[in-house]
Amino acid sequence: MSHTKASRKNGDCAKTPSATAVAPAFRIHAGPDELKSAILNHLKCSLARDTGSATKRDWWISTSRAVQDRIISRFIDTMAAQTNGNARRLYYLSLEYLMGRMLKNNVVNSGLYEPAKEALKGLNLDIDDLFEVEEDMGLGNGGLGRLAACFMDSLATLELPAVGYGIRYQFGLFRQNFVEGKQVESPDDWSKFGSPWEIVRPEYERSIKIFGRINTRFDNLGNSHHEWADYKELVGLPYDIPIVGYGAKTVNFMRLWESKTGKELDLDVFNRGSYVDAVREKTWAESVSKVLYPNDTSENGKELRLVQQYFFVACSLYDIMRRFTKMNSNLELFPEKVAVQLNDTHPAISVAELMRQLVDEHSVGWEKAWELTRKTLAYTNHTLLPEALEKWSVPLFERVLPRHLQIIYEINRRFLTETVEARWPGDDSKKRDLSLIEESNPKMIRMAYLSVVGSHSVNGVAAIHTKLLREKLFPAFDELWPTLFNNKTNGITPRRWLKSCNPALSSLADRLVGPDWPADLDKLRGLEKFADDPTVLAEFMAIKRANKETLAAIIKKETGVEVSPDALFDVQIKRLHEYKRQHLNLLHILTRYRNLLHNPDLDVPPRVVLFGAKAAPGYALAKRIIEAINRVGEVINNDARIKGKLKVVFLPNYRVSLAERIIPAADLSEQISTAGKEASGTGNMKLALNGALTIGTLDGANIEIKEEVGDDNIFIFGMTVEEVEALRAKGYNPYDYYYANSDLREVVDWVGSDYFTPEAKGELSSIRESLLPGGDPFMCLADYESYVRAQNMVDAAYRDKNRWAKMALLNTARVGKFSSDRTIREYATEIWNLPPVPVP
């Protein structure tokens with residue numbers, strides 16, 4: 001990519017000054033006066049506004065564009081260094097990127113925070129007010145998407161050449177409101193007015209084929225050739241979002257695909273007066289990138305999700321191939337220049353699509369194409385839940401992707417007859433276990449198996465998760481390929497999840513251990529020596545209390561509930577799912593409420609139990625749990641008898657920007673999934689980094705957090721993975737626990753009664769039914785007694801203010817392992833073989 005070294009006039013894309021002019025840690029530099037001028041220039045020239053008529057949104061756009069100008073200059077330099085050096089690149093394929101707001105993150109990472117703050121102050125504007133104007137990008141749902149966003153931050157920070165591919169959804173998951181305690185979904189039209197961070201790239205749009213049929217012919221040499229006929233065409237229009245690493249040494253990018261039709265308007269049909277029919281194809285095509293995770297409870301929903309996954313994978317692989325062939329003529333070099341990471345099973349169709357492109361479009365022989373494919377692809381598994389391991393019916397696949405079905409069948413045939421037969425001769429049961437095709441009615445394609453067979457590396461995301469992958473989920477594959485599986489424990493970016501979201505604690509860390517910790521989180525270990533320093537502990541807890549005051553104001557504004565910042569803030573913020581056990585938390589809330597009703601003078605610290613979660617629109621029980629928490633909270637929050645010692649708050653529309661307010665204020669982090677169900681979790685890491693103590697099971701990354709912070713600084717309860725498995729094998733009967741514990745029996749019956757919903761009989765009964773006749777699949781009742789004991793230990797620790805402060809500080813000090821920089825270094829060296837590319 002060509003680029004110029006010439007200086008640019010004010011108002012153009014600002015060029016990074018020479019190295020002698022920059023601050024030591026940052027490669028982008030601009031003073032307040034320069035930024036002020038650039039903001040005013042964009043206000044006038046980009047938005048046609050003057051200072052008298054400008055709205056806050058106008059100021060946010062102008063500021064964002066002024067910052068983006070300077071980032072783009074570094075972006076151009078980065079692309080030049082990577083392209084001119086024909087660098088090996090990572091391509092990260094993820095259906096989600098939960099980016100949150102961009103302005104604050106970009107000014108922090110680029111070193112422009114203070115200059116921008118001063119520039120805006122000179123315009124009588126508060127930078128914090130402008131941060132609040134920005135909508136969260138609606139490109140993700142939960143931990144999977146947030147992990148991908150953290151990884152993009154770390155890849156750029158570590159100067160690793162990378163592109164993140166995904167979908168530019170018009171609407172995010174949904175906006176959540178509560179009506180009579182019930183979740184109500186409405187469209188999240190985050191992109192309604194565009195985004196100043198996006199760069200549309202029409203010159204790189206891609207056309208792909210779906211549906212139709214395959215005509216196969218054979219040439220004189222007996223080689224088969226496959227022609228896709230009677231297909232529909234989708235066009236992918238790419239939008240690029242630059243990703244600036246900390247220090248702005250490297251600026252990588254995400255490329256997100258928006259779906260369009262190849263034929264915007266059927267003019268003949270339109271002119272005949274059939275106006276709706278004339279744009280029918282356009283409407284259907286645009287639906288592919290319309291919504292994140294369309295409801296797949298119907299056949300149409302399933303079809304749309306499969307089309308959605310194939311759309312982004314095919315567009316991305318075409319784009320990767322275009323970039324590769326621009327610099328290389330020999331396809332055998334493809335795995336040397338290209339590393340593709342599949343983020344969970346959503347991009348699993350990459351295996352068949354890369355084979356199709358190599359075999360059908362580049363005339364590569366099957367064996368060589370398979371070698372190139374396996375050397376290129378790597379797969380990260382993020383779940384142990386069978387229902388989350390995607391399977392598609394063969395009839396659906398045949399209708400949507402007929403050529404890919406042929407390819408998958410051929411992959412499966414060769415795998416079973418060559419690889420599996422060689423390892424287990426004549427063992428048909430082993431072939432059935434390992435087959436990519438599940439012999440059910442209808443037959444199903446096991447996409448996780450396709451990902452395993454087509455990849456050179458398969459990793460889990462926490463030590464216990466990887467162990468269970470090998471032993472429980474993919475044991476035969478592990479036996480077949482014992483070196484295939486490896487662990488890469490998840491991580492979080494400390495730039496967003498401490499430096500940006502908790503500036504007061506960040507400043508304290510700067511003062512105590514130096515300013516380099518955002519790029520080397522292990523440096524926070526230096527805080528340990530202050531664990532018995534009363535002055536430092538007092539300042540640490542004063543910061544926490546100020547953050548709680550801020551959150552209390554948000555709670556009041558959003559819900560009308562008044563909470564005291566002196567109370568213990570007990571936080572559970574994550575996707576609503578039974579295995580995450582928000583309903584176990586509810587049982588403890590009811591136990592505490594019941595105890596307070598019996599003894600209003602009970603000596604327990606006041607507590608605010610705070611939830612943030614969305615339930616999938618089609619997940620009826622999860623939505624009922626949300627309603628139950630809200631209805632129980634309404635009763636508790638208005639009960640003067642308990643003297644304010646317990647409040648329950650469910651903040652609506654949980655999202656990244658809200659998490660950035662909750663996490664710095666949290667005292668207690670609820671990580672209470674059934675052991676063996678949570679792959680890793682990353683909320684546990686964010687909360688611990690900000691000084692919240694974990695109450696949790698020995699599940700996911702909780703085990704490793706315990707190892708890092710020490711047994712005295714975490715509250716562990718419940719069964720281990722082995723105990724869960726043993727109880728299930730023995731025959732778990734929730735009634736045994738129900739009848740054995742009178743407190744448990746009282747609260748289970750209470751939540752299933754009409755006490756909290758007197759106007760709607762039986763409204764919450766499905767929760768009790770799921771716990772008793774429903775079999776309590778995630779063993780809430782088995783862990784209840786241990787959970788309540790652990791919560792009593794929390795009360796005792798919180799009453800001892802010095803002890804709690806020390807525990808909280810040591811959590812912040814000891815979680816350096818959970819930086820996403822560490823995770824990405826491990827991926828880069830152990831899976832991708834990806835060296836950094838320094839940018840001059």
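Modeller: Start with a term. On a 1 Å grid over the protein atoms alone, a cavity is a set of points where a 1.4 Å probe fits but cannot get out. Lining residues have an atom within 4 Å of a point. Keep in mind that this is a predicted model.

Biologist: Which residues line the second largest cavity?

Modeller: The general idea comes before the case. Rolling a probe the size of a water molecule over the atoms shows where empty space is left. Here, the second largest cavity holds about 70 Å³ of space. Its lining consists of Lys574, Lys580, Gln671, Ile672, Ser673, Glu678, Ser680, Gly681, Asn684, Asp699 and Asn702. By class, that lining has one nonpolar residue, six polar and four charged.

Biologist: How many cavities of 30 Å³ or more are there?

Modeller: The count is three. The largest cavity has a volume of about 90 Å³.

Biologist: Which residues line the largest cavity?

Modeller: Met99, Met102, Asn105, Asn106, Arg146, Ala149, Asp153, Ile243, Val244, Thr493 and Arg496 line it. They divide into five nonpolar, three polar and three charged residues.

Biologist: Which element gives the most to the lining of the largest cavity?

Modeller: Helix H6 does, with three residues. Helix H6 spans 143–157, and H3, H6 and S9 each supply at least two residues of this lining.

Biologist: Now pockets. How much space lies in the second largest pocket?

Modeller: About 520 Å³. Its lining has 22 residues, and the closest to the centre are Lys104, Asp128, Glu132, Cys501 and Arg661. Six helices give two or more residues each: H3 (103–110), H5 (127–131), H20 (494–500), H21 (503–513), H22 (534–559) and H25 (656–662).

Biologist: How does the lining of the second largest pocket divide by class?

Modeller: Into seven nonpolar, six polar and nine charged residues.

Biologist: Cys501 was among the residues closest to the pocket centre. How many disulfides does the model have?

Modeller: A general point first. A disulfide is a covalent bond between the sulfur atoms of two cysteines. The cut-off for the sulfur atoms is 2.5 Å. By that rule, the model has zero disulfides.

Biologist: Why does Cys150 have no bond?

Modeller: The closest cysteine sulfur is that of Cys501, and at 11 Å it is too far from the sulfur of Cys150 for a bond.

Biologist: Is Cys150 buried or exposed?

Modeller: The cut-off for buried is under 20% relative accessible area. Cys150 has 1%, so it is buried. Cys780 is buried too, at 0% relative accessibility.

Biologist: Where is Gln309 placed, and what does it touch?

Modeller: Gln309 belongs to helix H10, residues 299–327. Its relative accessibility is 2%, so Gln309 counts as buried. Leaving aside residues up to four places away in sequence, Gln309 touches Leu95, His346, Ile349, Glu390 and Trp392.

Biologist: Strand S9 came up with the largest cavity. How many residues of S9 are buried?

Modeller: Strand S9 covers residues 232–244, and 11 of its 13 residues are buried, so the rest of the structure largely encloses it.

Biologist: How should I read a strand like this within its sheet?

Modeller: In a regular strand the side chains alternate between the two faces of the sheet. Then look at the partners.

Biologist: Which strand pairs with S9 over 11 bridges?

Modeller: Strand S10, residues 251–261, in the antiparallel sense. Pro242 stands opposite Phe253 in S10. In the hairpin of S9 and S10, six residues lie between the strands, and Gly247 takes a positive phi near 90°.

Biologist: How many bridges join S5 to S9, and how many pair S6 with S9?

Modeller: Strand S5 (residues 199–200) is joined to S9 by two bridges, and they run antiparallel. Val200 faces Tyr239 of S9 in that pairing. Strand S6 (residues 206–210) pairs with S9 over five bridges, again in the antiparallel sense. There, Arg206 stands opposite Gly236.

Biologist: What is the order of the open sheet of three strands?

Modeller: The order is S13-S15-S14, with antiparallel pairing. Strands S13 (391–393) and S14 (437–438) stand at the edges, each with a single partner strand, so each has one side without a neighbour in the sheet.

Biologist: How many bridges pair S13 with S15?

Modeller: Three, in the antiparallel sense, with S15 covering residues 444–446. Lys391 stands opposite Arg446 in S15.

Conventions:
Residues numbered from 1 in each chain as written. Predicted model: local features only at pLDDT ≥ 70, side-chain atom pairs only at ≥ 80, totals over all residues. Heavy atoms only, no water. Buried < 20%, exposed > 50% of the residue type's maximum accessible area, 1.4 Å probe, protein only. Helix = DSSP H or I, 4+ residues; strand = E, 2+ residues; numbered from the N terminus. Contact = heavy atoms within 4.5 Å. Pairing = 2+ DSSP bridges. 1 Å grid on protein atoms, 1.4 Å probe; cavity = no way out; pocket = protein on both sides within 12 Å on 5 of 7 lines; lining within 4 Å. Points joined across faces, edges and corners; volume = space filled by probe spheres on them. Nonpolar A, V, L, I, M, F, W, Y, C, P; charged D, E, K, R; others polar.
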